[in-house]
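Here are a few exercises to work through with the model open beside you. Try each task before reading its solution.

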Amino acid sequence: MKVRTEARREAIIDAAAQLFQETGYERASMNELARRLGGSKATLYSYFPSKEALLVAVVKAYATGHLSDAVSDLTQTWADANLETILTRFGERMLLVLTNDVSALAVYRMVIAESGHSEIGTLFYDAGPRESVDILAKFLGSAMERGQLAQADAHLRALQFLALVTAQTNTRVYQRNPAPLEIAEIRQMVSSAVDMFLRGAVR
C-alpha cells in the first residue's frame, strides 16, 4: 500500500507540473487536475492540503531538488580542507541541472511569468532557494572562522557566489530552446566563478 501511495503522489505532482506549465499557476484548478487524473478533489487534498502545498511539491521535484541535493553534499564535506574543491563540486552539481534539465527550466519560466500577479515567487523561493542559501552561508561562515575566507557577511557572500556560478547561464531562461551544455563547458564556467569568488573573498 505504501508503494502505491507514493506512486500516486508522484503521479499527482507530475500531472500538476504539466497543468501549471500549460495554464499558469493562478488559472490552474484542482477540479481540472482531478479530471486529468481520473479521480476526485478529495483524493488530491488527502495528499496535498492546498494548491500552494502542491506547488511547493512540484517546485521541489522539478526545480529545486538539485539545490537540496547539492547542499546536502556540501554539508558532508565541511571537514575537507580544500575549499576550492568543495565549492567547485557544489557549483558543478547545481549548474548541471540548471542548464540541462528541461523540466526545471519550464518551472523557472512559469514562476517568472506568474510572479508579478501572485505569491508564486515567494512560494518558489521558500520551497528551496532560501534553505540552500542559508546552508551555503553557514558553510562559508565556517570557512571564515577557520581563516579560509576573510570575515564578511556570510549570507551576502553566499548570494554573490551563486550569482557568479549562474552569471553565464541566466539568459537561458529567455531563450526558446537553449541547447544543453557540455560537461566541459559547465566545468569551465564553475571554475571561472570559483576563481573570481575566492580572489575577492579571501582578502
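**Exercise 1.** Find the residue whose side chain is joined to that of Arg-157 by a polar contact, then describe the surroundings of Arg-157.

*Solution.*
- Step 1: Start at the side chain of Arg-157, where a polar contact of 2.8 Å leads to the side chain of Gln-160.
- Step 2: Place the residue in its element: Arg-157 belongs to helix α9.
- Step 3: Look for contacts beyond four places away in sequence; for Arg-157 these are Leu-140, Met-144, Ala-152, Phe-197, Gly-200 and Ala-201.
- Step 4: Is Arg-157 buried or exposed? Its relative accessible area is 17%, and the cut-off for buried is under 20%, so Arg-157 counts as buried.
- Step 5: For a view across the model, go to Phe-48: it lies 109 residues from Arg-157 in sequence and 36 Å away in space, C-alpha to C-alpha.

**Exercise 2.** Judge how confident the predictor is, overall and by element.

*Solution.*
- Step 1: Remember that this is a predicted model.
- Step 2: Take the whole protein: the average pLDDT is 86, and 93% of the residues score at least 70.
- Step 3: Turn to the elements. Helix α9 (residues 154-166) has the highest mean pLDDT, 95, and helix α4 (residues 51-75) the lowest, 79.
- Step 4: Keep one caution in mind: where pLDDT is low, predicted coordinates should not be read in detail.

**Exercise 3.** Trace the salt bridges of Glu-32 within helix α2.

*Solution.*
- Step 1: From Glu-32, find the salt bridge to Arg-35, at 2.7 Å from N to O. Both residues are in helix α2 (residues 30-37), 3 residues apart, or about one turn of the helix.
- Step 2: Glu-32 also forms a salt bridge with Arg-36, at 2.9 Å from N to O. Here the spacing in helix α2 is 4 residues, again about one turn.
- Step 3: Compare accessibility. Arg-35 is exposed at 57%, Arg-36 is partly exposed at 35%, and Glu-32 is partly exposed at 22%.
- Step 4: Widen the view: a network of salt bridges links Glu-22, Glu-32, Arg-35 and Arg-36.

**Exercise 4.** Which residue pairs with Arg-130 in a salt bridge, and how accessible are the two partners?

*Solution.*
- Step 1: The partner is Asp-126, with 2.6 Å between N and O.
- Step 2: Arg-130 has a relative accessibility of 39% and counts as partly exposed; Asp-126 is partly exposed too, at 41%.
- Step 3: Finally, put this pair in context: the whole structure holds 6 salt bridges.

Note on methods. Residues are numbered from 1 along each chain as its sequence is written. This is a predicted model: local features need pLDDT of at least 70, side-chain atom pairs count only at pLDDT 80 or more; totals for chains, interfaces and linings use all residues. Side-chain values use heavy atoms; hydrogens and water are left out. A salt bridge is a side-chain nitrogen of Lys or Arg within 4 Å of a carboxyl oxygen of Asp or Glu. Helices (H or I, at least four residues) and strands (E, at least two) are DSSP runs, numbered from the N terminus. Buried means under 20% relative accessible area, exposed over 50%, partly exposed in between (1.4 Å probe, protein chains only). pLDDT is the predictor's confidence in each residue, from 0 to 100. Contact means heavy atoms within 4.5 Å. A polar contact is a pair of N or O atoms within 3.5 Å; within protein, one must be able to donate a hydrogen and the other to accept it, and residues adjacent in sequence count only if both atoms are side-chain atoms.
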